[in-house]
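Trainee: Could you take me through one part of this model up close? I'd like to hear how you'd read a pocket, and then whatever else you'd look at along the chain.

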Amino acid sequence: MSINDLIVNGGFETGSLTSWGSSNVTVTGVFCHTGVYCANMGSGLTSSYLYQLVPADELQSYQLLISVSKSSGTVGPAMVGTVNFYDAQMNLLGVGLSLGISTRIPLVTNNEWIEAYDTTTPAPAGTTQALIIIQKIALANSSTLYVDDISFLASSGGGGIGPTGPTGPTGPTGTGATGATGPTGPTGAGGATGATGPTGPTGAGGATGATGPTGPTGADGAIGATGPTGPTGADGATGATGPTGPTGADGAIGATGPTGPTGADGAIGATGPTGPTGTDGATGATGPTGPTGADGVTGATGPTGPTGADGATGATGPTGPTGADGAIGATGPTGPTGTDGATGATGPTGPTGADGATGATGPTGPTGADGATGATGPTGPTGADGAIGATGPTGLTGADGATGPTGPTGADGAIGATGPTGPTGADGATGATGPTGPTGADGAIGATGPTGPTGADGAIGATGPTGPTGTSVTATYSYAENTSGVIAVVVGGTDIPLPNNQNIGSGITVDGTNTVFTVGATGNYYVAYSINTTTALLVSAQVLRNGSPVPSTVFTSTLSLSSFNAETILSLTAGDQLQLQLFGLLGTATLSSPGASLIIIRLS
């Protein structure tokens, strides 16, 4: 027995979509399962599909294989692989397989693929061909879907297919390890914050509560570095001098410091006028005469030379000792007085005689002008402090001087430990409430909270009088079914014919295809439908009004389902037409009991 792959170009290695029909599909050379190429079926709200018609034999079973991966860890795409069997005239004979994949699709960036496969039911009698359809379902924010290595396998040779054996007992259900939780989807954008209303005026402060006792002082922090001294402020006004305190006892006289060197003489002041001569003091006693020296040898007398011009008077020599007195000669006549010679230089002062008795002090002459102050000599060492005299009374405090500018703040000392908190003071009286500010703009409406429990039923009121019998509008109604049909669904939508069990009252008509229902009167109508299929499908359902979808009837899902239903109340106008549809799938849907049904009832 041999295995034949009926798909042509299933690995897309032609680099194109040769042999395939498609919509919104491209061939790529990035992230492929095997070989060089694979198919990119797009992402998000893009719906795409591939299909290929291949020969098939009646009563033969086939196996469909598809390798699948996705581009990122966001919402996974959903994919359906369908096999439909047809006769030579392209009449649909049956659906052989509907293979859905919507979870556990791995990441292509990790070079991981899932190989999905399943076996068809045997092809019905009269089958000559099979249509293989690979469809990606549109889903908001879903990642890109990649497919590769699509195969449709048939076995040939050997005996025919035998009858199906009895179903074996069901094996125990295996519990697989729970898969790792997928990453949390991104948080949706927050709603816009409503504008803040203006703040109302502050209410009057409450009375200050009594101060609690001060906690113990924390340890002093380390002293911060001293900031530079600010400039000295201007001297304050001198305060009035306080009364002089009693003179303290003289301190002990300190030892006399060494005399400093005599300062240079100040300039001599101008001589003051001579004061009147005082009276002579008493003449002191004459001191004793010193001894007379011996006479020197007398030199020979030289001839007298002519008298030269008077020379400058020489310096007076020291006075020799006085010779002994000669005999007194006779007094000669007095000669004429000679011209005064030049005054000789003053000889050195003889030793000072003993002081005579001090004469009476003459009157003080007027004070001469002060001479220039001589340079101050070096200060002698400070004498020992005298005993401190008693403190005199404190003088009046002088007016504060102007505050000097503050120096820069020193670095903060280390913070001392926090003392225990004192007891809380009593609350102050509440201030008057300020006027309410204007209401701010409404914020975004929050999510609706869960519905509260239903309250108990109220007492039933008394029955009112029976009103007059009105006209029954519910006599306008329609009910119709399709109990077991096969619907060939196209992506854009396929009407479901409803030919079975029709119960249609007056005021509603149905066309010859049993798909279009027309209302004859304007009013409010209850419309409901139900659709059941033999296999779970990624398909959607809806009701059309005059060719357009009625939003309240659109039923969509990201999961494969086999039951679809919806109900609504519509305001219809006479002549409006309603149709029931399946859409969003390129494939077939086989109805199972109770099939598909549509109910239309006029309410008012």
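**A closer look at one pocket**

Mentor: Sure, let's start with the second largest pocket, which has 13 residues in its lining, and the ones nearest its centre are Ile137, Ala138, Ser540, Thr556 and Ser557. Keep in mind that this is a predicted model. The volume of the second largest pocket comes out at about 190 Å³. What kinds of residue line the second largest pocket: nonpolar, polar or charged? Seven of them are nonpolar and six are polar, with no charged residue in the lining. Next, check which parts of the chain contribute: domain 1 (21-154) and domain 2 (477-602) each supply at least three residues to the lining of this pocket.

Now for some strands. Ile137, one of the residues nearest the pocket centre, sits at the end of strand S10, which covers residues 129-137. Strand S10 runs antiparallel to strand S5, and eight bridges join the two. If you want one spot to find on screen, look for Gln52, which stands opposite Ile132 in S10.

Strand S5 (residues 48-55) also pairs with strand S2 (residues 21-23). Here, too, the strands run antiparallel, and three bridges join them. Pick out Ser22 and you'll find that its bridge partner in S5 is Leu50. Put the two pairings together and you can trace a path from S2 to S5 and on from S5 to S10.

Between S2 and S5 in the numbering, there's a disulfide to look at. How many disulfides does a search of the whole structure find? Just one, and it joins Cys32 to Cys38, with the sulfur atoms 2.5 Å apart. The torsion about that S-S bond is about -70°, so the disulfide is left-handed. Are Cys32 and Cys38 buried or exposed? Buried means under 20% relative accessible area. Cys32 has 15%, so Cys32 is buried. Cys38 has 0%, so Cys38 is buried as well.

One last stop: Gln63, which you'll find in strand S6 (residues 63-70). Partly exposed covers what lies in between under 20% and over 50%, and Gln63 has a relative accessible area of 26%, so Gln63 is partly exposed. Now find Thr119, which is 56 residues from Gln63 along the chain. Even so, the C-alpha atoms of Gln63 and Thr119 are separated by 4.3 Å. Try showing that pair on your screen, then go back to the pocket and find Ser540, Thr556 and Ser557, which are among the residues nearest its centre.

Technical notes:
Residues numbered from 1 in each chain as written. Predicted model: local features only at pLDDT ≥ 70, side-chain atom pairs only at ≥ 80, totals over all residues. Heavy atoms only, no water. Pairing = 2+ DSSP bridges. Helix = DSSP H or I, 4+ residues; strand = E, 2+ residues; numbered from the N terminus. 1 Å grid on protein atoms, 1.4 Å probe; cavity = no way out; pocket = protein on both sides within 12 Å on 5 of 7 lines; lining within 4 Å. Points joined across faces, edges and corners; volume = space filled by probe spheres on them. Nonpolar A, V, L, I, M, F, W, Y, C, P; charged D, E, K, R; others polar. Domains from an automatic or database assignment. Disulfide = S-S within 2.5 Å. Buried < 20%, exposed > 50% of the residue type's maximum accessible area, 1.4 Å probe, protein only.
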